[in-house]
2 protein chains.
Amino acid sequence: MDTRRKIMSSAVNLFARNGYHSTTMEMIAEEAGLGKGTLYWHFASKEDLYRGIIQAGLQEYSSFVENLQEKELTYEEKIRAIIKFKIRFYLRHKPLASVIMANLDELGADFKKRMWQEQRKNNQTLADIFLQGKEEGVFKIEDPLLTARAFNGMVDSVLFSPDLNQVNGKVLSGVLENLIFRGILKT
Amino acid sequence: MDTRRKIMSSAVNLFARNGYHSTTMEMIAEEAGLGKGTLYWHFASKEDLYRGIIQAGLQEYSSFVENLQEKELTYEEKIRAIIKFKIRFYLRHKPLASVIMANLDELGADFKKRMWQEQRKNNQTLADIFLQGKEEGVFKIEDPLLTARAFNGMVDSVLFSPDLNQVNGKVLSGVLENLIFRGILKT
DNA sequence: CCTACTCGACCGACTGTCCGGTCTAGATGG
DNA sequence: CCATCTAGACCGGACAGTCGGTCGAGTAGG
């Protein structure tokens, strides 16, 4: 339904600006031009709405990485592609991206666990790329899963620096690629 | 006062477990073995209490890095020292560390801004180390500030992976040092 | 007339904050 | 040594506002 999408889109913007708890269902309804009761016809609860938003975002990311695995690319190219995808995703869906980033601590333990599992799956597919690259002698990596986490954390934290908005995407991906591939030491 | 410390310590644990909004002043009071009203004798508000906790943590970190600048160490050793400090800090003050990590989105815009400024200062002193190392030919770095953010994000995201608790600290710092110094490419 | 959908007034639970009051340790002073 | 006073620390009931969720009444289309 179109209404469903409108609700989600309004909610994303508000969640991104105010966080989960400071965004009320009434605000979302108003932003969407709907009555509050209508939200509850489309979503079971506020948490359900929130989860729907995040899962849609995570799914887009994970399906990209999974598709990548089937492409004929060198491992290095795959990493480059992921960096570029992340930057593009962030630039296009900035509010959604910040909602996903912030999701860890606003909700109950059950919800957190489910989200961590989702992210663990994503880290695992990325770790697979690192591992394969290592086995074929392209990468030198001690712990692929740890490296996957470090990689994601590195990219995300740079993207969400609040005063770096004017940095060019090309420059950004160049900096990140150098960092992850070569490190900072000169020799 | 000792009571003040007891309040803060109880609050840290609860904030770490439940987040800001799901922790009530009554819970904190009970955990501390005090009456609810007492909290308001020691702190102006819930937010004031929260801020006090976070600032104490940030200060410990920033004063470590600032002291580091005056020590006679190579730039590489300084970076290693920061990694080790972060790991140690995390292991010792785990709840406090996760509260600091999660602080970005629970509160109002004013509060967020102040916190970002604090962190920007920290990033800046780290960036100074990178910059000096670059100028003396030890590091090859395109953008020191960006690199500082990437570095912090990398380390933090690894530390806060929820299922990595049993990883040895020595191993961890080795992995992180290799990553930041050498990257993952083999050549 | 039935289904899918929308609406917004209302309810009930919750929680930050306030405030009137208690308790205790020490000071005062006779 | 006792009676009195003071004030800092502490208590917890009550208030006031907020917000997620419900419900009964509508509406539109087929």
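A base nitrogen of DNA strand C sits 3.2 Å from a polar backbone atom of A:Gly37. The model is predicted. On DNA strand D, a base nitrogen lies 3.0 Å from a backbone N or O atom of B:Gly37. Chain A and chain B also touch each other, burying about 4200 Å² between them.

**DNA strand C**

- The protein places 16 residues around DNA strand C. A:Gly35, A:Gly37, A:Trp41, A:His42 and B:Tyr40 come nearest.
- Some atoms of DNA strand C come within 4 Å of the protein, and sugar and phosphate make up 68% of them.
- A:His42 reaches the phosphate with its side chain: a polar atom there lies 2.5 Å from a phosphate oxygen of DNA strand C.
- B:Met25 uses its backbone instead, with an N or O atom 2.8 Å from a phosphate oxygen of DNA strand C.
- Helix 3 (36-42) of chain A and helix 3 (36-42) of chain B each supply at least two residues of the surface near DNA strand C.
- Which helix gives the most to that surface? Helix 3 of chain A does, with five residues.
- By type, the surface near DNA strand C has four nonpolar, nine polar and three charged residues.

**DNA strand D**

- DNA strand D is surrounded by 16 residues. The closest are A:Lys36, A:Lys46, B:Gly35, B:Trp41 and B:His42.
- Sugar and phosphate account for 61% of the atoms of DNA strand D that come within 4 Å of the protein.
- A:Lys46 has a side-chain N or O atom 2.6 Å from a phosphate oxygen of DNA strand D.
- A:Thr23 offers a polar backbone atom, 3.4 Å from a phosphate oxygen of DNA strand D.
- Two elements give two or more residues to the surface near DNA strand D: helix 3 of chain A and helix 3 of chain B.
- Helix 3 of chain B gives the most here, with five residues.
- The residues near DNA strand D split into four nonpolar, nine polar and three charged.

**Chain B against chain A**

- Contact involves 45 residues of chain B and 45 residues of chain A.
- Carbon and sulfur atoms give 60% of the area buried between chain B and chain A.
- Which three residues supply more than any other three of the area that chain B buries? They are B:Leu146, B:Ile184 and B:Leu185, with 18% of the area buried against chain A.
- There are zero salt bridges between chain B and chain A. Polar contact, however, links 14 residue pairs across this interface.
- On the side of chain B that touches chain A, two or more residues come from each of helix 1 (2-18), helix 7 (109-135), helix 8 (144-159) and helix 9 (169-182).
- That side of chain B holds 20 nonpolar, 13 polar and 12 charged residues.

**Two domains in chain A**

- The domain assignment splits chain A into domain 1 (1-43) and domain 2 (50-182).
- The C-alpha centres of the two domains lie 27 Å apart.
- Each domain brings nine residues to the contact.
- Domain 1 and domain 2 of chain A bury about 790 Å² between them, and 81% of this area is on carbon and sulfur atoms.
- How many salt bridges cross between the two domains? The count is zero. Residue pairs in polar contact between them also number zero.
- The side of domain 1 that touches domain 2 has six nonpolar residues, three polar ones and no charged ones.

Terms used. Residues are numbered from 1 along each chain as its sequence is written. Chains are lettered from A and ligands numbered from 1 in the order in which they are written. This is a predicted model: local features need pLDDT of at least 70, side-chain atom pairs count only at pLDDT 80 or more; totals for chains, interfaces and linings use all residues. Side-chain values use heavy atoms; hydrogens and water are left out. A residue is near a molecule or strand if one of its heavy atoms lies within 4 Å of it. A polar contact is a pair of N or O atoms within 3.5 Å; within protein, one must be able to donate a hydrogen and the other to accept it, and residues adjacent in sequence count only if both atoms are side-chain atoms. Helices (H or I, at least four residues) and strands (E, at least two) are DSSP runs, numbered from the N terminus. Ala, Val, Leu, Ile, Met, Phe, Trp, Tyr, Cys and Pro count as nonpolar, Asp, Glu, Lys and Arg as charged, and the others, Gly among them, as polar. Contact means heavy atoms within 4.5 Å. Buried area is the accessible area (1.4 Å probe) that two parts lose on being put together, summed over both. A salt bridge is a side-chain nitrogen of Lys or Arg within 4 Å of a carboxyl oxygen of Asp or Glu. Domain bounds come from an automatic or database domain assignment.
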